[in-house]
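Please open the model in your viewer and keep the selection tool at hand, as this tour goes from the whole chain to single residues and back out to a helix.

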Amino acid sequence: ALVSMRQLLDHAAEYGYGVPAFNVNNLEQVRAIMEAADATDSPVILQASAGARKYAGAPFLRHLILAAVEEFPHIPVVMHQDHGTSPAVCQRSIQLGFSSVMMDGSLGEDGKTPTDYDYNVDVTRRTVEMAHACGVSVEGELGCLGSLETGMAGEEDGIGAEGKLDQDQLLTDPEEAAEFVKATQVDALAIAIGTSHGAYKFTRPPTGDTLSIQRIKEIHARIPDTHLVMHGSSSVPQEWLAVINEFGGAIPETYGVPVEEIVEGIKHGVRKVNIDTDLRLASTGAVRRFLAENPAEFDPRKYLKLTTQAMKDVCVARYEAFGTAGNA
Ligand code: G3H
Ligand code: 13P
Ligand code: NA
Ligand code: ZN
């Protein structure tokens, strides 16, 4: 059944688990996530970015998600709009039937320029008023997503600030977070704690302090009833990087957020964990390997089936690690 983010994350908070929110753009991603949830008895958050809506079209995404709900009626599913850049964008998603929206007022309508606090409060509060009137949940964002190591926001063509960020922009201020939640009444809050979008988060192997767990604790202590959201939570599986590079790819050395650090965050109030890059890497690795090993094959179903399996394996691992499994 389709559920709101609030319903799902309230349950996650009560039972102390986290829920991966996977980005979806096509059938294979939706199927991989649903099959993994079915196999592990996990609730699901499917989220569509502006890029996904541009790629597939909002109606196709909506119907893919509704098809998932129809085929797996026993699994709670949140249909979430990722990184809305204005109340108008969120309004369109609410009208389409999304059960949750993100109003990312930390950046302007271009998805690149950092905004000031008052702007963020204004657009987020307006979105909450509209969404709550329709039973739809809202995620806000306070702080600038960026790598604590490099100071960079990550993906060049995606959502994120341009150029190098100051160290104090990279960590959400706990007092400001408390004020923000009070002023906007958001259900969930995305915080900056050292992660960035995309595959290029860290240049060196992790040593256990990729995230500021201390900052997560401080924020959670100030706003214990607000569900914390971690964007940029891909772990960038080294085994899939190796497959991609073995079969014709050229991805430079790079590292993501270790699963164990995310699990530590979940112990301190993180309830929604955004993952996109890991499924992209797994599916690309599966396609490259299959086509390299089977050069005469041309039926897309042959390799898309393998991408589905590769993504499903990643999803199962996250559902189990985050404690989502068994909670559908
Ligand atoms: O917010 C970032 C997500 O990974 C979505 O990326 O805009 O390329 O679909 P995208
Ligand atoms: P990754 O790029 O780490 O997968 O993060 C995705 C995300 O935060 C989507 O909003
Ligand atoms: Na931000
Ligand atoms: Zn994000």
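The stops below each begin with something to select, followed by what is there.

**Before you start**

This is a predicted model, in which local features need pLDDT of at least 70 and side-chain atom pairs count only at pLDDT 80 or more, while totals for chains, interfaces and linings use all residues. Residues are numbered from 1 along each chain as its sequence is written, and chains are lettered from A and ligands numbered from 1 in the order in which they are written.

**Stop 1: the whole chain**

Select the chain and show it as a cartoon, where you can look for 12 helices and 8 strands; helices (H or I, at least four residues) and strands (E, at least two) are DSSP runs, numbered from the N terminus. The radius of gyration is 19 Å, close to the 20 Å that the globule rule gives for 328 residues, so the chain is as compact as a globular protein of that length. That radius is taken over C-alpha atoms, and the globule rule is 2.2 Å times the number of residues to the power 0.38. Taken along the principal axes, the C-alpha atoms fill a box of roughly 60 × 45 × 35 Å.

Buried residues make up 52% of the 328 residues, where a residue is buried if 20 or more other C-beta atoms, placed from the backbone, lie within 10 Å of its own, exposed if 12 or fewer, and partly exposed in between.

**Stop 2: three histidines**

Next select H83, H197 and H231, which UniProt lists under "binding site" in an unreviewed entry; such annotations may be inferred rather than shown by experiment, and their positions are given in the numbering used here, with feature names shortened. Why do these residues belong in one view? They span 149 residues in sequence, yet no two of their C-alpha atoms are more than 11.9 Å apart, so they gather at one spot.

Begin with H83, which is found in strand β3 and is buried, with 27 other C-beta atoms within 10 Å. Its backbone deserves a look, since H83 has a positive phi of about 45 degrees although it is not a glycine.

Move on to H197, in the loop between β6 (188-191) and α8 (213-222), which is buried with 25 other C-beta atoms within 10 Å. Leaving aside neighbours within four places in sequence, H197 is in contact (C-beta atoms, placed from the backbone, within 7 Å) with residues including L145, E155, I159 and H231.

H231 lies in the loop between β7 (227-230) and α9 (238-246) and is buried, with 28 other C-beta atoms within 10 Å. With the neighbours within four places in sequence again left aside, H231 is in contact with L145, A190, T195, H197 and N274.

**Stop 3: D82**

Which residue does UniProt list for "active site" in the unreviewed entry? Select D82, whose place is in strand β3 and which counts as buried, with 26 C-beta neighbours inside 10 Å. Apart from neighbours within four places in sequence, D82 is in contact with N23, Q47, A48, S49 and M102.

**Stop 4: the two ligands**

Select ligand 1 and the residues around it, which are N23, S49, A50, G51, A52, D82, H83, G158, I159, H197 and D276; a residue is near a molecule if its C-beta atom, placed from the backbone, lies within 6 Å of it. The elements that give two or more residues to this shell are α3 (50-56) and β3, and α3 gives the most, with 3 residues.

Then select ligand 2, where H231, S234, N274, D276 and T277 come nearest of the 13 residues around it. Here the elements that give two or more residues to the shell are β3 (77-84) and β8 (270-275).

**Stop 5: helix α10**

Finally, select residues 259-266, which form helix α10, and colour its buried residues, E261, I262, G265 and I266. Seen down the axis of α10, the buried residues fall within an arc of 150 degrees, so they line one face of the helix; the arc is that of the directions from the helix axis to the C-beta atoms. An α-helix has 3.6 residues a turn, so residues three or four places apart point the same way. To see what faces them, add α8, β7 and β8, against which the buried residues of α10 pack.

Key. Contact = placed C-beta atoms within 7 Å.
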